[in-house]
Amino acid sequence: MLESLLKDLIAINSSSKEGANQAIEYCHQWLSGHDLPSRIIENNGYKMAVCEIGSGDQTVIFNGHVDVVSGKDEQFIPVELRDKIYGRGAADMKAGVAAMMCAVKELRNKPIGVKIQLQIVSDEEIGGFNCSGYLAEQGYRGDFVICSEPTQLGIALEAKGVIRLDIQIDGDPAHGSRPWEGVNAIEKAFEVHQKLLKLPFAKEASEFFPQPSINLAKITGGDVYNKVPEKCIMSYDIRYLPEQDHEEIIKQIENITDGEIIMNMFSKPLVTARDNPFILMLEPIVEKHTEDKAVFFGQHGSADTVFFANYGIPAIEFGPTGMNWHGDNEYVLPHSIHLYEKMLIDFAMKFSN
């Protein structure tokens with residue numbers, strides 16, 4: 001059932017809003033068809049399926065997204081080959097969603113002493129603000145959150161914060177045959193970029209991260225060949241460490257340029273304590289099923305966990321084993337999906353002891 005459900009989800013091209021909404025409708029119908037109390041919530045045209053089971057004073061959120069990045073047509077035809085299931089979204093993260101759906105189905109009539117709220121969303125790949133962000137804002141928060149991103153069955157306790165900014169560099173135009181009479185904004189921008197990479201914040205490390213991530217994502221400048229460019233804009237995606245202060249990072253950048261800095265997006269880092277009671281409950285379950293020590297790590301990228309962490313709720317990324325998400329040969333290991341489902345069931349059952 002689990003693998004069949006995953007293949008059905010992969011076959012839905014959910015790289016657009018319409019396709020992602022179609023995948024949500026499929027999940028809702030599947031849950032309802034198994035006598036689970038699913039309902040559709042819509043915000044700004046994006047759909048979510050929410051299903052809650054169990055009872056108790058605490059609520060654990062199972063959160064997953066069915067939207068995917070774009071892919072080739074053949075990637076939406078699931079292929080099982082040599083103990084791998086290939087397809088767009090196989091790892092990121094329809095496998096995790098399918099396992100959560102099947103886990104909730106298995107837990108439906110069991111005496112669990114906790115409420116499990118399954119949230120299936122449709123816009124994580126474009127920021128998550130319309131779905132998980134909206135749900136958290138509306139009070140669908142719980143006491144602990146598991147996002148089933150592909151983590152190789154490890155537990156991601158941390159995620160870097162995000163700064164997206166533009167630096168607008170001004171030059172002085174001149175004729176292209178006499179560049180010494182002007183100031184080339186592109187060359188000036190290149191010098192700023194080299195200085196930025198050597199700033200103190202760029203060299204710092206933490207327990208889980210050797211350094212921040214600095215990606216010069218876009219650069220625009222100049223308009224014709226025979227003119228010294230008078231303007232250049234560099235667009236950065238900076239992922240900073242949990243111990244760092246984003247305002248201090250901005251100050252350091254301001255000190256190396258006279259250009260205008262335009263902030264486009266900012267989100268806080270995520271940190272869930274290693275000794276959090278929910279983590280201490282989950283750790284031995286992971287070790288039982290993997291027959292190895294639980295792996296704790298930090299994610300360079302961010303996920304929908306951040307929306308819950310903003311309210312002080314412990315949240316982790318924890319999901320099956322896969323590779324090449326967003327790439328041409330994305331796949332997930334079926335064995336890991338079954339292990340993951342069992343871990344989720346065992347974790348929920350711990351509350352009945």
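**A first walk through the model**

Let me start with one residue, Leu-153, which is buried, with a relative accessible area of 8%. You will find Leu-153 in the loop between strand 7 (144-147) and strand 8 (155-159). Its backbone is worth a look too: Leu-153 has a positive phi of about 65 degrees, although it is not a glycine. Please keep in mind throughout that this is a predicted model.

There is a second residue to put beside Leu-153. His-326 also has a positive phi, near 75 degrees, in a residue other than glycine. It belongs to the loop between strand 16 (322-323) and strand 17 (331-332). Is His-326 buried or exposed? The answer lies in between: His-326 is partly exposed, because its relative accessible area is 42%.

Now let's step back to the whole chain. The protein chain has nine helices and 17 strands. Its C-alpha atoms fill a box of roughly 80 × 45 × 40 Å, taken along the principal axes. Of the 353 residues in the chain, 52% are buried.

One stop along the backbone is helix 3 (residues 90-107), where we find Met-93. The peptide bond leading from Asp-92 to Met-93 is cis, and its omega is near -10 degrees. Helix 3 also holds Val-104. Val-104 counts as buried because its relative accessibility is 0%. If you want a contact across the sequence, look from Val-104 to Leu-31: they are 73 residues apart along the chain, yet their C-alpha atoms are separated by 9.0 Å.

For a contrasting case, turn to Pro-229, in the loop between strand 10 (213-221) and strand 11. Pro-229 and Thr-272 are 43 residues apart in sequence, and from C-alpha to C-alpha they are 47 Å apart in space. Pro-229 itself is buried, since its relative accessible area is 10%.

On to the aromatic rings. How many aromatic pairs does the structure hold? There are eight. One of them joins Tyr-240 and Phe-266, which are stacked, with 6.5 Å from centre to centre and 15 degrees between the planes. This pair links distant parts of the chain: Tyr-240 is in strand 11 (residues 231-240) and Phe-266 is in strand 12 (residues 260-267), 26 residues apart. The two partners have their own surroundings. Tyr-240 is buried, because its relative accessible area is 2%. Phe-266 has a relative accessible area of 33%, so it counts as partly exposed.

Another pair is made by Phe-347 and Phe-351, this time edge-to-face, with 5.5 Å centre to centre and 90 degrees between the planes. Both Phe-347 and Phe-351 are buried. They also belong to a cluster, in which ring pairs link Phe-144, Phe-278, Phe-347 and Phe-351.

Rings can have charged partners as well, and here are two examples. The charged end of Lys-84 sits over the ring of Tyr-331, 5.3 Å from the ring centre. Likewise, the charged end of Arg-141 sits over the ring of Tyr-311, at 3.8 Å from its centre.

Next, the largest pocket. It has about 640 Å³ of space. Which residues are closest to its centre? Of the 25 residues that line the pocket, they are Glu-124, Arg-239, Gly-301, Ser-302 and Ala-303. Strand 9 (161-170), strand 12 and helix 8 (305-309) each supply at least two residues of the lining. The largest share, three residues, comes from strand 12, and strand 12 is also where we met Phe-266. What classes of residue make up the lining? By class, there are ten nonpolar, seven polar and eight charged residues.

Last, a note from a record. In an unreviewed entry, UniProt lists residues 158-257 as "domain: Peptidase M20 dimerisation". In this model, the end C-alpha atoms of that span lie 31 Å apart, and the span is 21% helix and 31% strand.

To recap three places to click on: the cis bond from Asp-92 to Met-93, the stacked pair of Tyr-240 and Phe-266, and the largest pocket, where Glu-124 and Arg-239 are among the residues closest to the centre. Thanks for listening!

Methods. Residues numbered from 1 in each chain as written. Predicted model: local features only at pLDDT ≥ 70, side-chain atom pairs only at ≥ 80, totals over all residues. Heavy atoms only, no water. Phe/Tyr/Trp six-rings, centres within 6.5 Å; stacked < 30°, edge-to-face > 60°. Helix = DSSP H or I, 4+ residues; strand = E, 2+ residues; numbered from the N terminus. Buried < 20%, exposed > 50% of the residue type's maximum accessible area, 1.4 Å probe, protein only. Lys NZ or Arg CZ within 6 Å of the ring centre and 35° of its normal. 1 Å grid on protein atoms, 1.4 Å probe; cavity = no way out; pocket = protein on both sides within 12 Å on 5 of 7 lines; lining within 4 Å. Points joined across faces, edges and corners; volume = space filled by probe spheres on them. Nonpolar A, V, L, I, M, F, W, Y, C, P; charged D, E, K, R; others polar. UniProt positions renumbered as here; feature names shortened; annotations may be inferred.
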